[in-house]
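Visitor: I'm new here. Could you walk me through this one and explain the words as we go?

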Amino acid sequence: MLAGRLDPSSPILIAMLTLIWLAALAWPRPLMLPDEGRYVGVAWEMVRSGDWSTPTLNGLPYFHKPPLFYWITAASITVFGPTDLAARAAPLLGAWGGAMAVFLFLRHWLDGSFARLALITLATQPMFYIGAQFANLDMLVAGCITITVVLLAHAVLSIERGRLARRALAMAYAMAALGVLAKGLIGVVLPAMVIAVWLLPGKRWRSLLRLLWLPGALIFIAVGAPWFIAMQMRHDAFFDYFFIVQHLQRFAAGGFNNVQPFWFYVAVLVLFTLPWIVWLRYLRRWGPVLQPLQRDLAR
């Protein structure tokens, strides 16, 4: 019985080890300014004021981002106390959830050893590992988006094999709503784009259309809409500020973002995906190995 519990291929054990790994260095480093201090400060004001509906910074409404990060952080601080580890609960959950979603998807549809390799590859990339321990909204929304994409992909593959996919679809719509509550419209737009880019080149229109599910839309509205409606009822200019200013004007105007040279993001991507990006040079050699797995997914 003990041997079975310690089975290294057990998803429960792998999930526990992954969480421990991602959280291992989340506690000794103090919060960094300005981002970590600002976002955790909003959550701390929720804890102190008892008002978990309206995010505030220095007592003023703070509507730059939606509230999911603040809710998770405030809950963590309430339960575990005002520690650095508790303040980083939201990115840890986002990274862990996204990583485990990828692992479970690959384990179900492809192969257990391939799923473990993918999990190790993801969890040991510096960009992913550091992001899991940095208290801002990026890793939380990345986790929501990843889980949404995985659930939608699982639903597509199930539907194409004549299986029911209502549970996966319901969870996907709920996760998309949480993604919107994590960082705005990218929580639903990016998963939709990923699935469309996957399905449309293969002319799998029918599979794409079957993802448009009315009960799922109702779930999305029930999970994602109440906070936005409540804020608009309290603050007349909320919709204009949140959707127009923060979603459109900030990307149209250069003053909102740090201007970097054209090579900056390429260099960052190469550096922070080491050592695994080196494998790309051997991609052609993997063809005979990956083709059977790809055929399994396409069937």
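Guide: Let's begin with a term: buried means under 20% relative accessible area, exposed over 50%, and partly exposed in between, using a 1.4 Å probe and protein chains only. Keep in mind that this is a predicted model: local features need pLDDT of at least 70, side-chain atom pairs count only at pLDDT 80 or more, and totals for chains, interfaces and linings use all residues. Residues are numbered from 1 along each chain as its sequence is written, and side-chain values use heavy atoms, with hydrogens and water left out.

Visitor: Why is Asn 58 called exposed?

Guide: Its relative accessibility is 69%, and the cut-off for exposed is over 50%, so Asn 58 counts as exposed. You'll find Asn 58 in the loop between strand E1 (56-57) and strand E2 (60-61). Strands here are DSSP runs of E with at least two residues, helices are runs of H or I with at least four, and both are numbered from the N terminus.

Visitor: What makes the phi of Asn 58 worth pointing out?

Guide: Most residues other than glycine have a negative phi. Asn 58 isn't a glycine, yet its phi is positive, about 55 degrees. Lys 203 also has a positive phi of about 55 degrees without being a glycine, and Lys 203 sits in the loop between H11 and helix H12 (205-209).

Visitor: And why is Thr 73 called buried?

Guide: Its relative accessible area is 0%, and buried means under 20%, so Thr 73 is buried. Thr 73 belongs to helix H4 (residues 68-80). Leaving aside residues up to four places away in sequence, Thr 73 touches Val 40, Ala 43, Ala 87 and Ala 90, where contact means heavy atoms within 4.5 Å.

Visitor: How do you know that H7 has close to the expected span?

Guide: The expected span is 1.5 Å times one less than the number of residues. Helix H7 (residues 112-123) has 12 residues and reaches 16 Å from its first C-alpha to its last, close to the 16 Å expected. In H7, Ala 115, Leu 119, Thr 121 and Ala 123 are buried, and the buried residues of H7 pack against helix H2 (11-23), H6 and H8.

Visitor: What makes the bond between Leu 33 and Pro 34 stand out?

Guide: Most peptide bonds are trans. The one joining Leu 33 and Pro 34 is cis, with omega about 5 degrees. Pro 34 is in the loop between H2 and H3. Another cis peptide bond joins Leu 274 and Pro 275, with omega about 0 degrees.
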